[in-house]
Amino acid sequence: MKTDEVVIREVMLRDGLQNIPEFIPTEAKIELFRLIAASGIRNMEITSFVSPKAIPQFRDAAQMAQSVLRMKPEGVEVSALVPNLKGAQLALESGMHKVGFVMSVSESHNISNVRRTTAESMDELKKIVELKEKYPDLDVKAGMATVFGCPFEGRIKPEVTLGFIRRFYQLGLRHMSMADTVGFGNPREVKEMCRLCVTEFPDVTFSIHLHNTRGLGLANSLAAYEVGIRIHDGAVGGLGGCPFAPGAKGNTSTEDLVFMFQEMGVETGVKMDALLEASRYFQKVKKDVRYSSSIIEVGVPVPKGPITKDGYEQKWNM
Ligand code: COA
Ligand code: ZN
């Protein structure tokens, strides 16, 4: 990937929907997938193979995976979240080979979220990786929640997260994601954590998953970008939040992320007009949805004159 390029991974269909209690019909989820893919998004988490008792919204996970895979979306990498071995098995049985395993780096959030100690989650992950013998295409991303703070334990030392990363590395995993589950991170610590990661593990692809709970989502993404993180999660409309983390709010809005990077001359491959169709469509499906996205609220500025190389003022002469 070029240095002036980022991949925005769209997580609306997973994180964005997981704390919406009313079941969103599968057909509507598929239409959202189609609209988002049409905007140029190249990476999407499309569902979650979790217990339907824990999150009824994803009781259609297998159907969702099968339908999306049948569409053979060209150029779009699709994946699903799995919290345990059973989830990985169900994902594989429905044809989904890219899975994002989730565990928290804080003990108490892991117990609240997936009802396991972190040691038990590590055992589970090991068993998931062993499924590669039967499913050679299996591609596991290790996702770490609460890296920048836990709603129960507060600040988490970078060394704790690095300890998990080292163990994931030993298991052969080369794609990892760090999440600010409840929005406790600030740009300085996000930058420092990401710097530690990319320095110690230059052959690992790290991605970042930020919640905009206190308005620092974009700043934190930019901080991560500045030290080389090139995969940034976002959710259409800034939807999202973990139902098992008190105080959780939405992800950074995809629209705002795309706008920030595009304005900086960092290519996302996403067409804003097309992306905005997705939030407009979802508003018809769920009329009382409340978005948290500056771009949805006010739109993109209209260029006032010819765009020249150094004509920023001329461009946005508003
Ligand atoms: N998918 C579907 N069903 C699952 C499942 C999965 N991944 N894992 C377990 N189950 C089912 C079991 O078959 C069992 O069903 P039964 O009661 O009909 O026999 C039931 O769920 C309980 O199984 P158990 O292994 O005891 O799970 P648990 O009750 O300890 O729950 C989790 C553990 C991880 C499955 C559950 O806490 C969960 O799904 N959490 C979701 C976390 C999440 O998505 N958070 C937000 C994203 S970060
Ligand atoms: Zn999240």
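The largest nonpolar core of this predicted model has 91 residues, and those with the most contacts inside it are Ile46, Met144, Phe168, Met178, Phe206 and Phe282. Helix α2, residues 26-38, gives the most to this core, with 6 residues. In soluble globular proteins, nonpolar side chains tend to be buried together.

Two members of that list can be followed outward through their neighbours. Isoleucine 46 lies in strand β2. Its relative accessible area is 1%, under the 20% limit, so isoleucine 46 counts as buried. Leaving aside residues up to four places away in sequence, isoleucine 46 touches Leu13, Phe33, Met64, Ala65, Val68, Val78, Ser79 and Met96. The C-alpha atom of isoleucine 46 is separated by 29 Å from that of valine 160, and the two residues are 114 residues apart along the chain. Phenylalanine 282, with the same exclusion of residues up to four places away in sequence, touches Met12, Leu17, Ile20, Ile24, Leu32, Leu239, Val289 and Tyr291.

The strands come next. A closed barrel is formed by 8 strands with parallel pairing, in the order β1-β2-β3-β4-β5-β6-β7-β8. On average, and with direction ignored, neighbouring strands of this sheet are turned by 25 degrees against each other.

Strand β1, residues 7-10, is a place to enter the barrel. In a regular strand the side chains alternate between the two faces of the sheet. In β1 both faces are covered: Val7 and Arg9 on one side are buried, and so are Ile8 and Glu10 on the other. Strand β1 runs parallel to strand β8 (residues 231-234), and 4 bridges join them. In this pairing isoleucine 8 stands opposite histidine 232 of β8. Strand β1 also pairs in the parallel sense with strand β2 (residues 43-48), over 2 bridges. Here glutamate 10 stands opposite methionine 44 of β2.

Further along the barrel, strand β5 (residues 139-145) and strand β6 (residues 175-180) form a parallel pair over 3 bridges. Glycine 143 has serine 177 in β6 as its bridge partner. Helix α7, residues 158-170, lies across β4 (98-104), β5, β6 and β7 (205-210), and runs at about 170 degrees to β5.

Which strand holds histidine 175? Histidine 175 lies in strand β6. Why does histidine 175 count as buried? Its relative accessibility is 15%, and buried means under 20%, so histidine 175 falls within the limit. Apart from residues up to four places away in sequence, histidine 175 touches Arg9, Val140, Lys141, Ala142, Val204, Thr205, Ser207 and Ile231. Among these contacts, Arg9 is one of the buried residues of β1. Threonine 252 is 77 residues apart from histidine 175 along the chain, and their C-alpha atoms are separated by 21 Å.

The aromatic rings remain. The structure holds 3 aromatic pairs. A pair of aromatic rings is described by the distance of the centres and the angle of the planes. Rings also meet charged side chains here: arginine 167 lies over the face of phenylalanine 164, at 4.7 Å from the ring centre. The charged end of arginine 174 sits over the ring of tyrosine 169, 3.4 Å from the centre of that ring.

Key. Residues are numbered from 1 along each chain as its sequence is written. Chains are lettered from A and ligands numbered from 1 in the order in which they are written. This is a predicted model: local features need pLDDT of at least 70, side-chain atom pairs count only at pLDDT 80 or more; totals for chains, interfaces and linings use all residues. Side-chain values use heavy atoms; hydrogens and water are left out. Rings of Phe, Tyr and Trp (its six-membered ring) pair if their centres lie within 6.5 Å; planes under 30 degrees apart count as stacked, over 60 as edge-to-face and the rest as tilted. A charge sits over a ring if NZ of Lys or CZ of Arg is within 6 Å of the ring centre and within 35 degrees of the ring normal. A nonpolar core is a set of buried Ala, Val, Leu, Ile, Met, Phe, Trp, Tyr and Cys residues joined through side-chain atoms within 4.5 Å. Buried means under 20% relative accessible area, exposed over 50%, partly exposed in between (1.4 Å probe, protein chains only). Contact means heavy atoms within 4.5 Å. Two strands pair if DSSP finds at least two bridges between them. Axes are lines fitted to C-alpha atoms, for helices over the stretch in contact, and angles run from 0 to 180 degrees between N-to-C directions.
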